[in-house]
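Reader: I would like a close look at one part of this model, namely the aromatic rings and the secondary structure that carries them. Please take your time, and define each term where you first need it.

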Amino acid sequence: MSKRAHSLHHVNFATTDVERTKQWYGRVFGLRWIDPQSNTKVLLLTNGNFDIHFTPFPKDRHRTLKPLHFAIEVEDWDGFLQHLDEIGVRHTRTVHRPQNDSKFCYVHDPDGNMIELTYHARLHSQRPQPGG
């Protein structure tokens, strides 16, 4: 019997506009909508590796429900920053951590949720390359 956690399945955040959130996360991260097939009003999005859920709340309650941030690992740092620039999503300056050869910066979604973008070179250098 293992007592170790396997992986993070999903996180849930507040949103003030479900459709805007669905469009933004689809455009920025390529997340797809999941039909909850229930009477829930929660927006379910996935990329197949992880899910993000958004619960609609009125604007006056939204600010009281915010976590600090969550992080998404990207596979191609320069390519992803170029993608953000091309679609007009502002990001903070890149910070490099030489101790583990990683990089990070932050973006905000339309509701102001802070998202840390991370890249760990060792993690991606061990992946098989397409066609090889």
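Author: The account below starts with the chain as a whole, turns to the rings, and then follows the sheet and some further residues.

This is a predicted model, in which local features need pLDDT of at least 70 and side-chain atom pairs count only at pLDDT 80 or more, while totals for chains, interfaces and linings use all residues. Residues are numbered from 1 along each chain as its sequence is written, and side-chain values use heavy atoms, with hydrogens and water left out.

The protein chain contains 4 helices and 8 strands, which are DSSP runs numbered from the N terminus (helices are H or I with at least four residues, strands E with at least two). Along the sequence they follow the pattern β-α-β-β-β-α-β-α-β-β-β-α. Of the 132 residues, 32% are buried, where buried means under 20% relative accessible area, exposed over 50% and partly exposed in between (1.4 Å probe, protein chains only).

A search of the whole structure finds 8 aromatic pairs; rings of Phe, Tyr and Trp (its six-membered ring) pair if their centres lie within 6.5 Å, and planes under 30 degrees apart count as stacked, over 60 as edge-to-face and the rest as tilted. One of these pairs is formed by Phe13 and Phe70, whose rings are tilted, with 4.6 Å centre to centre and 35° between the planes. Because Phe13 lies in strand S1 (residues 10–15) and Phe70 in strand S5 (residues 70–73), this pair ties together parts that are 57 residues apart in sequence. Phe13 counts as buried at 6% relative accessibility, and Phe70 is likewise buried, with a relative accessible area of 9%. Another pair joins Trp24 and Phe29 edge-to-face, at 6.1 Å centre to centre and with 75° between the planes, and both of these residues are buried. Ring pairs link Phe13, Trp24, Tyr25, Phe29, Phe54, Phe70 and Phe80 into a cluster.

The sheet comes next. Four strands form an open sheet in the order S1-S4-S3-S2, with mixed pairing; two strands pair if DSSP finds at least two bridges between them. S1 and strand S2 (32–34) stand at the edges, each with a single partner strand, so one side of each is left without a neighbour in the sheet. From one strand to the next, the twist averages 30°, with axes taken as lines fitted to C-alpha atoms, for helices over the stretch in contact, and angles running from 0 to 180 degrees between N-to-C directions. S2 pairs with strand S3 (residues 43–46) in the antiparallel sense over 3 bridges, and Trp33 stands opposite Leu45 in S3. Helix H1 (residues 18–29) packs on this sheet, touching S1, S2, S3 and strand S4 (51–56), and its direction makes about 0° with that of S3; contact means heavy atoms within 4.5 Å.

Lys22 lies over the face of Trp33, at 4.6 Å from the ring centre, a charge being over a ring if NZ of Lys or CZ of Arg is within 6 Å of the ring centre and within 35 degrees of the ring normal.

Phe70 also has a charged-type partner elsewhere in the sequence to consider, namely Glu116, which touches Phe70 and, among others, His69, Ala71 and Ile72. Glu116 is found in strand S8 (residues 114–120) and is buried, with a relative accessible area of 8%.

Definitions and conventions. Lists of a residue's contacts leave out its neighbours within four places in sequence.
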